[in-house]
Amino acid sequence: MRQSFSAAKSTMQTLSKTAPDHAYKQVVFDVWMPTTDKLGKDGFSRGMILQWNWDEIKGANWDNLSAAAVGGLAEKASFQRLGRHAAIEYCGDEDNLRFARDFCLKLLE
């Protein structure tokens, strides 16, 4: 999860600096996660879909925004089984819960 939030922050920070103000309405991340099936074969499965409002991305102060806080800015979050499990594990850590509280609350929606 930390790597996903860090990648999301980097991508959105770059977009906010390079794309015109009204270039998009929203930014959506379709997060796929590595899997291993019961036969030991590696693959990928959708974990979650996170959607951010473009105006918030353009208006964010990226220098003062932690990668963990980026998940909490998501307007919508849709968790698949694998993604929900990973998010619950991530939010079970006290530090992650403190810094990504808004993201963790999306698990309850």
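In this predicted model, strand E2 (residues 42-53) is joined to E3 by four bridges, and the two strands run antiparallel. One contact can be named at residue level: Ile49 has Ser78 of E3 as its bridge partner. The wider arrangement is an open sheet of three strands. Their order is E1-E2-E3, and the pairing is antiparallel. Strand E1 (26-36) and strand E3 (76-79) stand at the edges. Each has a single partner strand, so one side of each is left without a neighbour in the sheet. From one strand to the next, the twist averages 20°.

Two helices pack on this sheet. Helix H1 (residues 2-18) touches E1 and E2. The direction of H1 makes about 150° with that of E1. Helix H4 also packs on the sheet, and touches E1, E2 and E3. The direction of H4 makes about 90° with that of E1.

Helix H4 has a buried side and an exposed side. Gly83, Ala86, Ala87, Tyr90 and Cys91 are the buried residues of H4. Viewed down the helix axis, these residues fall within an arc of 125°, so they line one face of H4. Arg81, His85 and Glu89 lie on the other side of H4 and are exposed. The spacing along a helix gives the background to such a pattern. An α-helix has 3.6 residues a turn, so residues three or four places apart point the same way.

Cys91 of H4 also takes part in a disulfide. The count for the model is one disulfide. Cys91 and Cys104 form this link, with their sulfur atoms 2.0 Å apart. The pair links distant parts of the chain. Cys91 belongs to helix H4 (residues 81-91) and Cys104 to helix H6 (residues 101-105), and the two cysteines are 13 residues apart. The angle about the S-S bond is -90°, and the link of Cys91 and Cys104 is left-handed. Are the two cysteines buried or exposed? Cys91 has 10% relative accessibility and counts as buried, because the cut-off for burial is under 20%. Cys104 is buried too, with a relative accessible area of 7%.

Aromatic rings supply a further set of contacts. The count comes to six aromatic pairs. In one of them, the rings of Tyr24 and Trp54 have centres 4.9 Å apart. Their planes stand at 75°, so the pair is edge-to-face. Tyr24 and Trp54 link distant parts of the chain, 30 residues apart. Tyr24 sits in the loop between H1 and E1, whereas Trp54 is in helix H2 (residues 54-59). Their accessibility values are 41% for Tyr24, which counts as partly exposed, and 1% for Trp54, which is buried.

Phe29 and Trp52 form another edge-to-face pair. Their rings are 5.1 Å apart centre to centre, with 80° between the planes. This pair, too, links distant parts of the chain: Phe29 lies in strand E1 and Trp52 in strand E2, 23 residues apart. Trp52 counts as buried, at 2% relative accessibility.

Ring pairs also build a cluster. The members are Phe5, Phe79, Tyr90 and Phe103. Of these, Tyr90 is also among the buried residues of H4.

Conventions. Residues are numbered from 1 along each chain as its sequence is written. This is a predicted model: local features need pLDDT of at least 70, side-chain atom pairs count only at pLDDT 80 or more; totals for chains, interfaces and linings use all residues. Side-chain values use heavy atoms; hydrogens and water are left out. A disulfide is a pair of cysteine sulfur atoms within 2.5 Å. Buried means under 20% relative accessible area, exposed over 50%, partly exposed in between (1.4 Å probe, protein chains only). The arc is that of the directions from the helix axis to the C-beta atoms. Two strands pair if DSSP finds at least two bridges between them. Axes are lines fitted to C-alpha atoms, for helices over the stretch in contact, and angles run from 0 to 180 degrees between N-to-C directions. Contact means heavy atoms within 4.5 Å. Rings of Phe, Tyr and Trp (its six-membered ring) pair if their centres lie within 6.5 Å; planes under 30 degrees apart count as stacked, over 60 as edge-to-face and the rest as tilted.
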